[in-house]
Amino acid sequence: MSKCNRGWLILGLAAAGLVMPGRVHADASSFEVRLEVKPPDRSNPKTRDDAPQIEATVIGAPNFPAEKFTLREDTKQAVELRPISKRDYTQGTEKLAIALVMNGWELWIGNDDVLPDGDPSRFPGVLKSLEAALDKVSFKDAGPPGSLGMVITYADSATARIPMGPLDRITGSALGTQKDYFGTQGVELVKGVDLALSELHKVQVSRKVLVVICDGIDKNMDAAKGQMAALKARAAGEGIESFAIIYKGAMSPDGNVISAMIAQTQTVNTAENVATAIHDILSRLGNRQYLTFPGFDPKLGVGLAWDGRPHNLILKVDKDESDPVELSLAPTWHLPTPGFPWLVVSLIALGALVLVAIGVKVFSPGPQLAPPPLVDPVVAQPPGPPQSQGPSVPNGTVRIDLTADGSPIVAWLVALDGAQAYQTFKLRSKATRIGTAAPADIVITDGFMSTEHCQITASPDGFILVDGGSTNGSYVNHHKIKGKQDLIDNDMITLGKTNFKFKSINT
């Protein structure tokens, strides 16, 4: 084994060794607030006239209940609005993509499961303890549903050990075994970070995160510094949040090139502390809360001035206030002015009509009695056929076949008064319906008649008036009939307030 490999063997043994875990101290900082306007859904008739709402993303604040948050304008005597909803990070929509980059050199991973006992190059490495530690980290709960993750290892080249996919695929066992890393050598850290940024560039998510687990060393430290600076600019341009965990043992070589790219570094000295550091990073990523504030509170009758201009707003969390955040209160919105109460007026008018209809029904007289007798006008008798042409019915009528528009004429009704006075109506050979509207065959304009008032039927024996269940009844010679009544020539028929003379052809 070369001096270099022996040196890395010592480093690997020391990295898995017995040094007390290191601690990372993070400086406390005030919380960050991001605000955006959420316009109402114009396609929803229930909300299209509502005031816009404000969505607040709060980063780094304590996870208090919703009632501990308020939003107000940075002016004196400004009204305070309380949120109508609050969601934690995993309930939000900012999907996450994490690229975990890890040293994959055999001397760092270990090979004691591959080489036989007694082999001088045999050593345990960190893979087993690292896998056990990573299994304690719940990657699947690190982001909202649909979040992604991958693991890249590097030695002399970079390899996607766990391809980009659902976050729950990142587990300790998914890193593989020592055999998967056997024979690898080199510390091409720059290549591992470069591949991770390329993979993150391909995904379409709200947040992208790079986490590097390394000893801080690259094969060519001088060249790596400039390359890391370029990678830093590249990550910043794509909004990638970057973190680094530097794994150092007692015998680790000096040097740290990863800090040229990532300022947020943590130094640990056991595999267990790697898992702790990853858990801390995931906790920091999830340190977000989402609140929805009404642009106008209808219960209190107060809200913001939606005038389309920039306003400084302040979010208060319990007793702490954020710095003012400028937000344009657009689209413009004003409290709707009550219009003329057409609906109320319409309901009142409808109620009045109903009352009038009820009054007419209650106080109007019942069905009218038969009208007083009328003097029959003189009507010329049509010339009858000679007695020898057929038998006759005493005081009745006989049917003859005088064809008019396809049907034989059997008799007539002559209106003696009313809107159709002195009009003659022909009766059909079988049945003629009489009423105020279709389907009546004879339509009479009389408000006291029914739609289907009666009908006159014809048979070889004569003519019969049949009442159709009319409201005011049917009368023959001023007597109300009961269901039906035979007719003879010159009978007076009263329907409603209209009198008719019945005429038939005499024998």
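**Group meeting: a predicted model, from confidence to detail**

Among the elements of the protein, helix α1, residues 3–15, has the lowest mean pLDDT, at 41, and helix α4, residues 189–202, has the highest, at 97. I begin there since what you see above is a predicted model. Across the protein, pLDDT averages 82, and 81% of the residues score at least 70.

Two stretches call for caution. Over residues 1–29, pLDDT stays under 50; the model nevertheless gives this stretch 41 contacts beyond four places in sequence. Over residues 372–407, pLDDT likewise stays under 50, and there the model has 55 contacts beyond four places in sequence. How should such regions be treated? Where pLDDT is low, the predicted coordinates should not be read in detail.

Let me turn to the protein as a whole. Its secondary structure comes to seven helices and 29 strands. Of its 507 residues, 42% are buried. The exposed surface is about 27300 Å², with carbon and sulfur atoms supplying 55% of that area. If we take contacts between residues at least 6 apart in sequence, 63% of them join residues at least 24 apart.

I should now like to consider one sheet. In what order do the strands of this open sheet run? The order is β22-β21-β23-β24-β27, five strands in total, and the pairing is mixed. At the edges stand β22, residues 442–443, and β27, residues 484–487. Each of these two has a single partner strand, so one side of each is left without a neighbour in the sheet. For β27, a pairing is formed with β24, residues 462–467, in the antiparallel sense and over four bridges. One position may help you to find this pairing in the structure: I464 has D486, in β27, as its bridge partner.

My last example is a single residue, T153, which lies in strand β6, residues 148–154. Is T153 buried or exposed? Its relative accessibility is 2%, and T153 therefore counts as buried, the cut-off being under 20%. Which residues surround T153, apart from its neighbours within four places in sequence? T153 is in contact with M102, G104, A158, T159, R161 and Y181. In this group, R161 deserves a separate mention: a polar contact of 3.1 Å joins its side chain to that of T153.

To close, I return to the question of confidence: helix α4 has the highest mean pLDDT among the elements of the protein, whereas residues 1–29 stay under 50, as do residues 372–407.

Conventions:
Residues numbered from 1 in each chain as written. Predicted model: local features only at pLDDT ≥ 70, side-chain atom pairs only at ≥ 80, totals over all residues. Heavy atoms only, no water. Buried < 20%, exposed > 50% of the residue type's maximum accessible area, 1.4 Å probe, protein only. Polar contact = N/O pair within 3.5 Å; in protein donor to acceptor, adjacent residues only side chain to side chain. Contact = heavy atoms within 4.5 Å. Pairing = 2+ DSSP bridges. Areas by Shrake-Rupley, 256 points an atom, 1.4 Å probe, with all protein chains shown as cover. pLDDT = per-residue confidence, 0-100.
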